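Visitor: I would like a close look at one loop of this model, please. Once we have been there, walk me on through the parts around the rest of the chain.

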Amino acid sequence: MTATSETLPPPAPAPPRPGRRRGVGSAVLICLTASWALYSLLNLALGGRWWLWLVPDLVPPLCFVAVPLVLLAFGLRAGPRRVRRPLVAVLVLLLLSGLTRAGVNWAALTPGGRPGPAPADALTVVAWNTKYWDTADDPEAFYRYLKAERADVYLLQEYLAWVDGRPAPIDELDRVRAEFPGYHVAVLGEQVTLSRFPVVARPPVGPGRDIRPGTPWRETFERGKVLRTDVSVRGRVVSFYNVHVPVQLDIERGVLSGGFYDDIRTRDAERRAHYAALLRDVTDNPHPVFVAGDFNTTPAMRDLDPLRDTLHDALPASGTVLPLTWNSEGLELWRLDWAFTDDALRVHRYDFVDPRGLSDHRAQRLVVSLAR
């Protein structure tokens, strides 16, 4: 009788050791932390200085808090203590350094941080990017929305139509005057300022100085991004600046198209020119100053730093912890709309108003008074 041998199955592979899994997880976490740290450092070094950084600057500012917090949650459980301690320390530093760039309104979290009640003679000011005026909406709903705000001063942007992928002029001033009887109307390209109080002067600002009677609308549209109106308010002149800084890039262009990067470089130069001119004008202005509009700039971008160092952001008057003003039609992750004042004006209230589908920007509503 011949003995037979059975074929035995191969032994099952040994399960990975917990230490090995933790080591791989720690390596991934270190790489992610290093990547975010590099981005944060480059944001500080290149933001507002290098034209191409306008593309990475599109990252939602909330990420400066959210990313370190998520990584920190994993870092507290990462690997051995010799890895965990320095990793957590770096993430805490990244979180602290990112708090200001995230645009958090600390006054809303601080008891007594908001200003006191407004006096009876306070002004209501509304600033709003209308998204092509009423040309893409129901005109009746558009004007009802505006009039319901009952503002003393309106600073409105995008008084235009969008035709075949390009801005085009519109002529609705007769309708505007009919809807707002008694208001004084000032127009510059795509900006419209309405005021219950008399407009006593309209000094040109920056590139807008080259606009003359008869200048083609397209050139006026490109140069006139700051409409200054000096308004007589109960015997005192207040300067209102209606601002629309050009957007960083044309999202309809592909990143591999020939003109994509040339377009960004051109837009960066235009943005710098408008910001510099605005800063010079408000610095030299002897009147109380109110500046508001669509700046196409987030709290994480350094383009606004000189203006923020010169004027006061109105945000402490708001109860919103993390103000987000765009895109109300999709992912609302950015604050692009701002309002600033100097020491001669006090902001008592600052609200970000639902546009009710009429625009992709929230409207800014402020109650301000002249300092005594």
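Guide: Gladly, and one definition comes first: helices (H or I, at least four residues) and strands (E, at least two) are DSSP runs, numbered from the N terminus. Please keep in mind that the model is predicted. With that numbering, the loop I would choose is the one between strand 11 and strand 12 (337-341), where N327 lies. The peptide bond that joins W326 and N327 is cis, with omega about 10°.

The strands on either side of that loop belong to an open sheet. Six strands form this sheet in the order 7-8-9-10-12-11, with mixed pairing. Strand 7 (199-201) and strand 11 (312-313) are at its edges, and each has a single partner strand, so one side of each is left without a neighbour in the sheet. So the loop that holds N327 runs between strand 11 and strand 12, and strand 11 is one of those edge strands. Elsewhere in this sheet, strand 8 (residues 226-233) and strand 9 (residues 236-244) run antiparallel and are joined by eight bridges. If you would like a pair of residues to look for, L227 stands opposite N242 in strand 9.

There is another open sheet to visit, again of six strands with mixed pairing, this time in the order 5-6-2-1-14-13. Its edge strands are strand 5 and strand 13 (345-353), each of which pairs on one side only. From one strand to the next, the twist averages 15°. At the strand 13 edge, strand 13 pairs with strand 14 (residues 363-370) in the antiparallel sense, over eight bridges. There, F352 has Q364 in strand 14 as its bridge partner. At the other edge, strand 5 (residues 184-188) and strand 6 (residues 191-195) are also antiparallel, paired over five bridges. In that pair, V187 is bridged to V192 in strand 6. The hairpin of strand 5 and strand 6 has two residues between the strands, and G189 takes a positive phi near 60° in it.

W133 has a positive phi too, of about 55°, although it is not a glycine. You will find W133 in the loop between strand 1 (123-129) and helix 4 (139-148).

Now for the helices. Helix 2 (residues 63-75) and helix 3 (residues 81-98) have axes that come within 9 Å and cross at roughly 165°. That makes the two helices roughly antiparallel, because angles over 145 degrees count as such. The crossing of helix 2 past helix 3 is left-handed.

Our last stop is the largest pocket, with a volume of about 1300 Å³. It is lined by 39 residues, of which W162, V247, L249, D250 and R267 are the closest to its centre. Strand 4 (166-168), helix 6 (217-223) and helix 7 (260-284) each supply at least two residues of the lining. Helix 7 gives the largest share, four residues. By type, the lining of this pocket divides into 15 nonpolar, nine polar and 15 charged residues.

How values were computed:
Residues are numbered from 1 along each chain as its sequence is written. This is a predicted model: local features need pLDDT of at least 70, side-chain atom pairs count only at pLDDT 80 or more; totals for chains, interfaces and linings use all residues. Side-chain values use heavy atoms; hydrogens and water are left out. Two strands pair if DSSP finds at least two bridges between them. On a 1 Å grid over the protein atoms alone, a cavity is a set of points where a 1.4 Å probe fits but cannot get out, and a pocket is an open set with protein on both sides within 12 Å along at least five of seven lines; lining residues have an atom within 4 Å of a point. Grid points are joined across faces, edges and corners, and a volume is the space filled by probe spheres set on the points. Ala, Val, Leu, Ile, Met, Phe, Trp, Tyr, Cys and Pro count as nonpolar, Asp, Glu, Lys and Arg as charged, and the others, Gly among them, as polar. Axes are lines fitted to C-alpha atoms, for helices over the stretch in contact, and angles run from 0 to 180 degrees between N-to-C directions. Angles under 35 degrees count as roughly parallel, over 145 as roughly antiparallel, 65 to 115 as roughly perpendicular and the rest as oblique. A crossing is left-handed if the near helix is turned anticlockwise from the far one by less than a right angle, and right-handed if clockwise.
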